[in-house]
Structure formats: C-alpha cells, structure tokens
Amino acid sequence: MWSGTPTNGLEVPGTEAQVAIDTLRREFPQAGGEGASAQVVVSAHEGQKLTDPANAAAVSELVSRLGGSPQVVDVAALDERSTSPDGRFGIIDVSYGVDGDELTTAAQDGLTAALEGARTAGLTAEAGGNAVEGGQPELGNAEIIGVIVAALVLLLTFGSMVAAGLPLLTAILGVVIGFTGIGLVSAVVDMPSAVSTLALMLGLAVGIDYALFITSRYRSELAKGHDPEEAAGRAVGTAGSAVVFAGLTVIIALVGLMVVNVPFLTVMGLGSAGVVAVAVLIALTLLPALFGFAGRRIFGRRARRAPAVVAGEQKMTLGRRWVMMVLRRPVIAVVAGVAVLGIAAIPAMDLRLGLPDDGTAAADSSPRKAYDLTAQGFGPGYNGQLTIVVDGADADAVSATVAALPGVAGVSPARASESGTVSIFQVIPTTGPNDPATTDLVNAIRAATADVPGGDVSVTGITAVNIDASATISDSLLPYLALIVGLAFLLLLVVFRSVLVPIKATLGFLLTIGATFGTMVAVFQWGWLNGLLGVPATGPIVSMMPIFIIGIAFGLAMDYEVFLVTRMREEHVAGAEPRAAIIDGFSASSRVVTAAAVIMISIFSGFMLSPDLQIKMPGLGLATAVLVDAFLVRMTIVPAVLALLGRSAWSLPAWLDRILPNLDVEGSALHTPTPPVTEEEDSAPAVELAR
C-alpha cells in the first residue's frame, strides 16, 4: 500500500508541497485530496500470517463490511504492497465520498462495527486517518472548571454575590454572541474547528477580566461617596478607557496573524479578535447598565454597613507590603527576576516545530494504536510517506536518483496521469514523520532534483506539507513579533505618554515568552512531568503554537501593564512623587490584577485536561505566560524598574508631547476638588484574595 496526498490537511499557499497538491488535483483527481479517508491496520497473532485461512477469511469479511458502510466509495483490498514483509500486518485504505466533518454517525458506526467484527474473529484491528471519530479536539470539562474557579476567585475578591456574578454573566453572554457570529460566518467561510476552542478560551478569560476591572473601579467610586450613576460614569471613564486600550492590544496581536499568510491562522486570528471586540463592547455598554440595577448591592451587606474610610488613610494590604518590599531592593528584584526567567528560557533553544499526527494521540486511542502497529509492521517511515510529483521529466530517472539517497527505505513504481505529462511515486523514509532526519530527507530530495532536465520535481504528501507549514510559520515568527511589538509600542506611547514605559513593557514580554517556550519544550519535547500532565507522547511543538501564543500572551501581558501602570501614572499625574505613585497605584490595582491573573490561569489550565495536544499545548503555554508575566514581570520587575527610573520613567520629549494626542486614560479630567479616598475595595471587608 502506498499512501496518496493529504486530504483535509493544513494549506499553506505558495509552498512547494501545496503547489504540488494543486497539480495532483488537476492531473490525478482520484488522489487530489477530496473526501475523508481511513487507514485500517490489521495484524495476526505473533507467528501467524494474514494469509492463513482463518485470518484470510476474517480480512475478507472486514473488507466486505467496510465496503458496505455508509458513505464509503472505495476500499483497497490487501495486496503484496499493503502487507508487511513477514505477512503479519496489513493496511486497508478506505475512501469516503464526503469530507470528515460531513461523515454521518452511521458512517462512524459502520467503521467501528467492522473493526469489532475483525477483533472478534481473532485479528487486531485499529483505524487512523481523518475519518476516524475523535479526530476533532475535545474540550471535556475544561470550560466548566474554569468558570467554577473564576466564580470562587471573584467571590473571594469582592465578597459579594452580585459583584462576582456580573463579570461571569457578561463574559458568558459575550461568548454566546461570539459563538453566534462564528456560526454565521462559517456558513460562507471555511472555519477551522479550533476557532471555537480559542473563542471559548479567550472569550471567558478576557470577558471576565475586563468586567472585573470596571466593576472594581465602580466599587471604588461608590466608596468615595459618588452616587451610583456618577460612579458608573467614572468607572467607564477610567478603567473603561484602560479596557479599550488593553483590548486593542489583544486585537492587534490577533489580527496580526494575517502576516503569516496561513489561512488557518488568519481565520483563527480574525475570529478570536471578533470575540475580544465583543467582550470590550459588552464591558463598556451592558456592564454599566447592569450597575444601574445593582446599585450599592455591588457591596456585600457587611460592607454596606461599614463606616466610610477616612480620606488619606492607607490600609496595609498584602499588595502594599509586596511592592514596598520590592522597592526596598529594586536592583535585587530586577536581577533575580531576570535570572529566573533566563534560566527558564534555556530549553527554548531546543525548540522544534511540527504538526500533530496519530503518533501524538492518546495512547489508548485507535489512531495511536494504528500508528504504532504500522510502525511495527512496516517501519516508522511508513507513517510519513512522501509523494514525488514529476512534471515533464523522466520519472524513472528521478525515482532512481531519489532511491539512492540516504534515509530512503523504499520507492514505489511511478505512474503517469491521463495526460501523460505528470507522474507520481511514493517514497518511504527510514524515520518517522516528525523525526528531524525526515525533514533532512525532504530537503535532500529537493536539492538532488532541483536541476532535473526537461521538467520540475516537487515533494508533497502530508509529511511534506507539515514540514513546509512549520518552516513558513517559523520564518514568520520574528516579522510577526516585530509587527505586534511595534504597533503596541505606539499604542502604549500614546497611553502612557512616555518612551521608557513602553520599552520596559515590551522587553518584559520578551522575558515572558522565553520562559513560556522554555516550559513548553521541557514538557512536550523533553518529557518533563509528562505523566503528571497527561501528555501522551513527546514530540515537536505544534508549528502554529508559538506564533499563536505570542499573539495571545502579548495582548494579555499588555492588559496587565495597562491596568497596573495606568493607576501608577494616575497617582503621578495627581501630584504624587514617583515612589509614592508606584506604591499607591500598585496597592490600588494589584488586588484585581491578581484576581484577573488567577482567573486566566485557571481557565487556561482547565484546557490542559483535554487529551488533545492541540488544546493541551496552548492551555499550558498560556497559563505559564500569564503566571510568569503577571507575578514575576508586571508585579515584581516592573515596579522595581520604575523605581530605578524615577521621574524619567514618565518623561516625554517636548516635540513628541506636542504631536501625541492626550487621551486622558487615567481620567484626570474627572477629578473633583474633593480629596479622594486612596483605597478602593479595601473599604469593604471582603476576604483578601492573596491571603
């Protein structure tokens, strides 16, 4: 058996493998990748062969059942090429007339019943391929766990069921609206299934966070003595402005995925950006309206009965103690923080990119068992066959050249298209599809056939498509990073009216992303804590994950930067000395930022419970990024650096000051002559989260 070209694989326009697939669809319609497929792997007991009478009858019955299953259009019976040299293993190709997402339950049941029949007859039978049920990512109870943890954190933070319920209500509504929009768009645009997973993950996280910040500020304004209507307006004018700019950084990062020129990532980025935009709009419109219903019930009963805080009184909270400790030894805080993150980033130097296959599926799944049986019977390279497309050249001469290369286990006879101008043959590597040696072989074939006289030679197949996709995405990492960092720098320049603060913010993110990638490599490539985290197998990092995590993590990192530092700048603009501004601003915002980070980490960690690597991997990556960025970078390194910079942190060249618009994110125009109370939620006897 010689495998054909990819069916529903990742498309990367302009790559050699993708151009070759387009040629195959024209010249070999039957191998052009239309319709779902399954590869049924059967094996006899040790010491037996599939040609033994009882086993042969079982195989014949299996082929008959597969052929009679709904939506099946072709079943390739076993022959010499699809049977292992020892006669014990065989592979049966099953082709369907529809794509994988159009397979009916009856078709899935037919495949399962055929496998069970073969097992009853004494054979080992498993199936892989994109027609096998369970190939789509599964979320399990991730979202439920995330919401439960978020509810507990909000309740501990606010000490009020009403205050805890509003962010949850608005976030869930935002997810529903986002999902509805994605569903409508999917009617006219191909929408990867991963978009819904990402939309759920991001929608819950940013929806809760944005509502959390505005709700916290609303409580603060009420505590200062403002009536509910005025408090809501001030909350939107201050925290709401910060939410707008925080949301814009996330949207910029997601829309920026378009520069990679991979349709899969473009659709994911645009769909997710839409969900974030909905979260921002709901936080600015529906949430203030709900404040009108909540009124002072936003506080718990004990808080409503508590006396007002005296103006100028400072409560020694855990956040205040922490920032004062950091500022006592700012150099040590910076050096220690950078050292820890630098050490965590060391494994990232071994980062390898690839795409998941059945070899990384759960160990007890049928696709993983089929993958292992194929490797056992035919060799590891049989799972990663390459298709060579010869256009206009001597296919036999090309085949001989390829067969002589190191790392080639076998080459099939060439066959020509009906036009006679294009020929194809398959190559079996000696190594598996995600082995670096297989990538080297693809490059060696391309180099050896680059100057074939009379035509062109291309390498394609699922393995080659994955290699080209990984290379394309890898080459786009630095340009993408430069784009979003550059745009975010300009945005933060306008927000903070400072040059040094945006520089510090972006440099801090580089530390975060290094530590995040280091953790991912240690877990998914090196196998650290695999058993504890339920990682089924080690292998390369999924090729789209780094650029995807860079985009999401950068937006979230800038969220925390905006929410923390705008409060510090607000105190500075009000006349506080730099050190006092850092302490007071940090004290006023650290509690809600801590709650927001814990919620984010909980939601992302919940997705690590999924058995699917495409969900588990971003879950771990984003949870690590938030943990590192919120607590080490933003709440430790940032205040220490600002303390070392002093007044220069808030300086801006005169010529630039005249050019930049004054957006008043801190809401300084809202200040009244009445002396403000410095502490916000601390006036309420809510249980302090950090304690």
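1. Which residues of helix H14 (residues 395-403) are buried? In this predicted model, the buried residues of H14 are Ala395, Val398, Ser399 and Val402. Because they cover an arc of only 100 degrees around the axis, they lie on the same side of H14. The general geometry fits this reading: an α-helix has 3.6 residues a turn, so residues three or four places apart point the same way.

2. The surroundings of that buried side can be listed by element. The buried residues of H14 pack against four strands and one helix, namely strand S6 (386-391), strand S7 (408-411), strand S9 (422-429), strand S10 (456-460) and helix H15 (436-448). At the N-terminal end of H14, aspartate 394 acts as a cap, with a side-chain oxygen placed 3.1 Å from the backbone nitrogen of aspartate 396.

3. For the chain as a whole, the secondary structure comes to 22 helices and 11 strands, and buried residues make up 56% of the 691 residues. Of the contacts between residues at least 6 apart in sequence, 80% join residues that are at least 24 apart. The protein chain exposes about 27400 Å², and carbon and sulfur atoms supply 61% of that area.

4. The structure holds 17 salt bridges, and one of them sits within a single helix. The side chains of arginine 25 and aspartate 22 meet at 3.9 Å, N to O; both residues lie in helix H1 (residues 16-27), three residues apart, which is about one turn of the helix. With the cut-off for a salt bridge set at 4 Å, a reader may wish to keep the 3.9 Å value in view. Arginine 25 counts as partly exposed because its relative accessibility is 27%, and aspartate 22 also counts as partly exposed, at 40%.

5. In the segment before H1 lies threonine 15, which is buried, with a relative accessible area of 12%. Once its neighbours within four places in sequence are left aside, threonine 15 is in contact with Asp468 and Thr472.

6. A further salt bridge pairs arginine 119 with glutamate 126, and the closest N and O atoms are 3.0 Å apart. Is each partner buried or partly exposed? Arginine 119 is partly exposed, with a relative accessible area of 28%, whereas glutamate 126 counts as buried at 10% relative accessibility.

7. Glutamate 577 and arginine 647 also form a salt bridge through their side chains, at 2.6 Å, N to O. Glutamate 577 lies in the loop between helix H19 (545-573) and helix H20 (578-606), while arginine 647 lies in the loop between helix H21 (613-645) and helix H22 (654-659), so the pair ties together parts that are 70 residues apart in sequence. Glutamate 577 counts as partly exposed, at 47% relative accessibility. Elsewhere, salt bridges that share partners join Arg217, Glu221, Lys224, Arg567 and Glu570 into one network.

8. On the nonpolar side of the surface, Ile172, Leu173, Val176 and Ile177 make a patch of about 310 Å². Leucine 173 is found in helix H5 (residues 161-186), and its relative accessible area of 35% makes it partly exposed. Since a residue needs over 30% relative accessible area to be counted in a patch, the 35% of leucine 173 is above that cut-off.

Terms used:
Residues are numbered from 1 along each chain as its sequence is written. Side-chain values use heavy atoms; hydrogens and water are left out. Patches are made of residues with over 30% relative accessible area and no salt bridge: like charges are joined within 9 Å, nonpolar side chains (Val, Leu, Ile, Met, Phe, Trp, Tyr) within 5 Å. Accessible areas come from the Shrake-Rupley method with a 1.4 Å probe; for residues, only the protein chains shown count as cover. Helices (H or I, at least four residues) and strands (E, at least two) are DSSP runs, numbered from the N terminus. Buried means under 20% relative accessible area, exposed over 50%, partly exposed in between (1.4 Å probe, protein chains only). Contact means heavy atoms within 4.5 Å. The arc is that of the directions from the helix axis to the C-beta atoms. A polar contact is a pair of N or O atoms within 3.5 Å; within protein, one must be able to donate a hydrogen and the other to accept it, and residues adjacent in sequence count only if both atoms are side-chain atoms.
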